[in-house]
Amino acid sequence: MSKKGLTTSEINQRIQENKVNGESKKLSKSTINIIKENIFTYFNFLNIVLFVFVFTTGKYQNAMFMGAVITNALIGIIQEMRAKKLLDQIRILTTTKVNACRDDAWIEISVDEIVQDDLLSLQAGIQIPIDGIVVEGSLEVNESLLTGESEPVYKKVGDTVYSGTIVLSGDAEVSVTKVGHDRQSEKIMEGAKISGFQKSALQKDLQKLIKIVSILIIPVALILVGMQMGVKELGYSDIVLNTSAAIIGMIPEGLVVLTSVALAVSTMRLLKLKALVQELYSIEGLARVDVVCLDKTGTLTQGDMQVDHVEIVSDISEMNLRAYMQAYLEMEKHPNPTAKALLEYFKSDTKIQVDNFQPFASERKYTSAYLHDIGTLYVGAFEFIFNKEDAVYQTYHDTFSQGELRTIAIALAREDDDKELLGLVYIRDVMRPNVNETLTYLSKQGVTIKVISGDYPKTVSSIARKAGVPNADKYIDLSVGEIDYDQVVEEYTVFGRVLPKQKKELLKALQRKHVVAMVGDGVNDIPALRQADISIAMLAGSSAAKDISDIVLLENDFNVVPSIVCEGRRVINNISRASSMYLVKTLFSFFLTIYVALFQTVYPFVPVHLTMISAICVGIPTVFLQLEPSYEKLKGRFLLDAFLRALPSAITVVLAAIFTKVYRTSAGLPLESANAILVFVTGVIYLYTLYRIYQPTTKYRLTIVLIMSFLFVIVYYFTQSILGISFGLELLPVTLLTSVIGVVLVTLLGFSLTTRSK
């Protein structure tokens, strides 16, 4: 590398002029944004308005719902701040680094420290973070993010490179012309992923629910007020309390907080597993994954290569072969694992001049170097160097693969351009420890494994079989003939000689029937990582692969993938169950509001009733039950399933409210006694719903339900004056009978809805 670049004073001047690249990617929200998002919400605004109205009635116990609102906000802020702290601490590991020439020396800096006119050194695997001009060397660049064209573009001295594009091969010095907001493709780095769970079903369903409730809640409240004003025995206080109870019941604010908190906590749990989540809602994608695609190198194997042996097949001497190879290898400024293994093996004291060098690229699968007065040396995949019509192809193609060994061909083309095969290098990949147990566990969890590699299919199949990949003997060579991708993804497990664009097509075919995760680390994996529903990259992989991936494995350990998938299933399954508990209140509040409006009667609850029931039967238990393991595969849609589970209980609460009103009239009960029956029955229905939704029953789950049941009875009995109820022994028979009927009704309705949904 040459030594040029900016001086410290020039750098400081550009920083003062704000000619700095800035952060290319934020892994966490800012503190102020976390606080704003948890405090300044539409539902919090509604709760504050209701609080003011309730306060004017003088019945202050009914304003206790603000305690839950404040608690929810504090929990949300605290948990998201904890997650932010961990993310910020870990960010330094995943920030893309580049080499810059400053004060006549090459140093490593992060991409946000780049200033205009900096001189950078770019190599294969980098996603270019700036716009600039090549001043020395050359690059092969994928500009598909800008142009949509997947064919590589050659960049020589004087050509412009653009941010967001990816260096496939080569080595060059680039002078920075545009940084930050001046870059032609400022948003490319953040928006590189073109499909998948950027906006997950969970996220979309939550937004849809909030939108529906937000639209309906104000007109419904006005209708409720108007109807209740027509009831003679109701005064200002009664109208305010009843209307507030209806609106509070409709607001699922606990569900929104629960979801954000659960995802934040899951992010922290995944960090402990040494997995960094860069896209929060990708956790849902993890829960739905049923196919994991992976490359052989770096996943099944450690990515460390070593030469097993070399077979010379021409009359070239071993000394000359070593000299040729060393001359080519000295041109590799940033050798990949294969080149490092070759460097370790081929050493020579003979110096040969290289007049022209073409670095390795995934699309052609070989490299070439013109050796002075000798010819062009080709090193790479045998079937990409030789045409099928060549006699040498027919001679060696079926014999050079030796089990799990990978084969590199060495060929020389002299003046007549006919390539002569000089030798075959057999390279061994070191297997990852415990990879068999990892793949076995994934298979038991219903996850199908597909191995996609650029290497020879027999070799990949042999390694996959040794690693324990089910059906590893079903392999196909994608370099031969036309490919029906929909057919091959169903028939085969191992795919060899796959080009980067073919990896993408394989994933697209799989995604038509499955939710697909892709594990990769190289620049050749980038098209597939972008296409995948969930992309997982290794920390030691290329910066471009890390930048566009949803999850980065901080210890480059594929064996943590099962734990990551299980964590995704755990958190989303528990969110789904808890959502049903919160939606019971939303549903029965809407149904009761319609009933009150149609029959011009009194709303049966006041705010303090719902505050007590929600806290003991929903808020507290769902927090503890979020810790439960729940690794079953997700099925169906989040919101629809949550509604179907909540609907039987909501209908039963409505029927209990109607029965209580009728019974009060016929038995001549005072309002406090009727309320005592309704609150107790509603609590029993909620507790039974908690038991029913969190199935199968475990000791932990049953203990939580029993503790909450005991707590409910204690609070119910000792806070009658606060709740505005009066329970006597004469009410015990009808209360218990109504509770039993309610439980039976929830069971029957639940069974009926489950049967119909199937």
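**Exercise 1. A patch on the surface**

Task: Work out which helices supply the nonpolar patch formed by I620, V623, F624, L627, Y700 and L711 on the surface.

Solution. Start with the patch as a whole: in this predicted model, these six side chains together have about 500 Å² of accessible area. Next, look at the helices. Both α22 (607–625) and α25 (699–718) give at least two residues each to the nonpolar patch. The largest share, 3 residues, comes from α22. Finally, pick one member and check how it sits. F624 is found in helix α22, and F624 counts as partly exposed because its relative accessible area is 41%, which falls between the 20% and 50% limits.

**Exercise 2. The chain as a whole**

Task: Describe the protein chain by its secondary structure, burial, contacts and surface.

Solution. Begin with the elements: there are 27 helices and 21 strands in the protein chain. Then turn to burial, where 57% of the 758 residues count as buried. For contacts, take those in the protein chain with a separation of 6 or more; residues 24 or more positions apart account for 71% of them. Last comes the surface. The accessible surface of the protein chain is about 32,400 Å², and carbon and sulfur atoms hold 57% of that area.

**Exercise 3. Two tyrosines and their neighbours**

Task: Classify the aromatic pair of Y366 and Y378, and say where in the chain each ring lies.

Solution. A pair of aromatic rings is described by the distance of the centres and the angle of the planes. The structure holds 17 aromatic pairs. For Y366 and Y378, the centres are 5.7 Å apart and the planes make an angle of 70°. Planes over 60 degrees apart count as edge-to-face, so this pair is edge-to-face. Now place the rings: Y366 is in strand β12 (residues 366–371) and Y378 in strand β13 (residues 375–380). The two are 12 residues apart, and their pair links distant parts of the chain. Both Y366 and Y378 are buried.

Y378 has another neighbour to find: K419 lies over the face of Y378, at 5.0 Å from the ring centre. You can look for a similar arrangement at Y345, where R322 lies over the ring face at 4.9 Å from the centre. To round off the aromatic tour, locate F588, Y603, F605 and Y686, which ring pairs link into a cluster.

**Exercise 4. Following K503 through its salt bridges**

Task: Trace the salt bridges that K503 forms with D295 and D525, and decide whether these residues are buried or exposed.

Solution. Take D295 to begin with. K503 and D295 form a salt bridge in which the closest N and O atoms are 3.6 Å apart. This pair links distant parts of the chain, with K503 in helix α18 (residues 500–511) and D295 in the loop between β9 (291–294) and α10 (296–300), 208 residues apart. Both K503 and D295 are buried.

Then move to D525. Here the closest N and O atoms of D525 and K503 are 2.4 Å apart. D525 is in the loop between β19 (516–520) and α19 (526–531), 22 residues from K503 in helix α18. To settle burial, use the limit of under 20%. D525 is buried because its relative accessible area is 0%, and K503 is buried because its relative accessibility is 1%.

For another setting, turn to K19 and E17, whose side chains meet in a salt bridge (3.3 Å, N to O). K19 counts as partly exposed because its relative accessibility is 31%, and E17 counts as partly exposed because its value is 40%. The structure holds 14 salt bridges, and R269, E567 and R570 are linked in a network of them.

**Exercise 5. Backbone details**

Task: Find what sets the backbone apart at D103, Q600 and the bond between Q695 and P696.

Solution. Keep the usual pattern in mind: most residues other than glycine have a negative phi, and most peptide bonds are trans. D103 has a positive phi, near 50°. D103 lies in the loop between β1 (97–102) and β2 (105–110) and is partly exposed, with a relative accessible area of 44%. Q600 also has a positive phi near 50°; its place is the loop between α21 (561–599) and α22. Q600 counts as partly exposed at 40% relative accessibility. Finally, Q695 and P696 are joined by a cis peptide bond, with omega about 0°. P696 is in the loop between α24 (671–693) and α25.

Note on methods:
Residues numbered from 1 in each chain as written. Predicted model: local features only at pLDDT ≥ 70, side-chain atom pairs only at ≥ 80, totals over all residues. Heavy atoms only, no water. Phe/Tyr/Trp six-rings, centres within 6.5 Å; stacked < 30°, edge-to-face > 60°. Helix = DSSP H or I, 4+ residues; strand = E, 2+ residues; numbered from the N terminus. Buried < 20%, exposed > 50% of the residue type's maximum accessible area, 1.4 Å probe, protein only. Lys NZ or Arg CZ within 6 Å of the ring centre and 35° of its normal. Patch = residues over 30% accessible without salt bridge, like charges linked within 9 Å, V, L, I, M, F, W, Y side chains within 5 Å. Areas by Shrake-Rupley, 256 points an atom, 1.4 Å probe, with all protein chains shown as cover. Salt bridge = Lys/Arg side-chain N within 4 Å of Asp/Glu carboxyl O. Contact = heavy atoms within 4.5 Å.
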